[in-house]
Amino acid sequence: MGSNRPEQFAVTVWANGKEHSILLTQGENLLMALVRSQLPIDFFCTTGKCRTCMVRMNIPAGSAPPPSDTEQYRLGEDMQQGYRLACQVYVTGPLTVFLDTSGSA
């Protein structure tokens, strides 16, 4: 019998000019994982209403669900630049988050 532990994925986070790697469990909320890892993410409402946790991400296909209606409404054209609301992203695969410009692609 295989273990019933959920799959885990490495998320690369660029913050304070350094590359960090954090492990997230399948379906885990990105914002909560960043906070738990003590990475410098600003947030206020956690429900997608305030845009405070808007960050640029590189999300390969299948690594997170598409933007929610809330994100599409709040972010508009910023989504085309790769921005998402961390509170609305539930991780389903490896991805990269840019909390600053140090790892800009």
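**Core, sheet and a loop contact**

Start with the largest nonpolar core. It has 24 residues, and those touching the most other members are Val 11, Val 13, Leu 30, Leu 34, Ala 86, Val 97 and Leu 99. One caution before I go on: this is a predicted model.

Where does the core draw its residues from? At least two residues each come from β1 (8–15), β2 (18–25), α1 (30–36), β4 (54–58) and β7. The helix α1 gives the most, with four. As background, nonpolar side chains in soluble globular proteins tend to be buried together.

Take Ala 86 from that list. Setting aside residues up to four places away in sequence, Ala 86 touches Asn 29, Leu 30, Leu 31 and Leu 34. Ala 86 also touches Ile 41, Cys 53, Val 55 and Met 57.

Now the sheet. Five strands make it up, it is open, and the order is β2-β1-β7-β4-β5. The pairing is mixed. Which strands stand at the edges? They are β2 and β5 (83–85). Each has a single partner strand, so one side of each has no neighbour in the sheet. Between neighbouring strands the average turn is 35°, direction ignored.

Look at one pair, β1 and β2. They run antiparallel, and eight bridges join them. Val 13 has His 20 in β2 as its bridge partner. Val 13 is also one of the core residues that touch the most other members.

Next, the loops. Thr 92 sits in the loop between β6 (90–91) and β7 (95–98). Ser 63 sits in another stretch, the loop between β4 and α2 (69–75). Are these two buried or exposed? Ser 63 has 4% relative accessibility, so Ser 63 counts as buried. The cut-off for buried is under 20%. Thr 92 is at 25%, so Thr 92 counts as partly exposed.

The two residues are in contact. Beyond four places in sequence, Ser 63 contacts Tyr 90, Val 91, Thr 92, Gly 93, Pro 94 and Leu 95. On the same basis, the contacts of Thr 92 are Phe 9, Gln 26, Gly 62, Ser 63, Ala 64 and Pro 65.

What lies 3.2 Å from a polar atom of the Thr 92 side chain? The backbone nitrogen of Ala 64 does.

Last item, a distance. Thr 92 and Asn 29 are 63 residues apart in sequence. Their C-alpha atoms are 9.8 Å apart in space. Asn 29 came up earlier, among the residues that Ala 86 touches.

Key:
Residues numbered from 1 in each chain as written. Predicted model: local features only at pLDDT ≥ 70, side-chain atom pairs only at ≥ 80, totals over all residues. Heavy atoms only, no water. Buried < 20%, exposed > 50% of the residue type's maximum accessible area, 1.4 Å probe, protein only. Contact = heavy atoms within 4.5 Å. Polar contact = N/O pair within 3.5 Å; in protein donor to acceptor, adjacent residues only side chain to side chain. Core = buried A, V, L, I, M, F, W, Y, C linked by side-chain atoms within 4.5 Å. Pairing = 2+ DSSP bridges. Axes fitted to C-alpha atoms, helices over the stretch in contact; angles between N-to-C directions.
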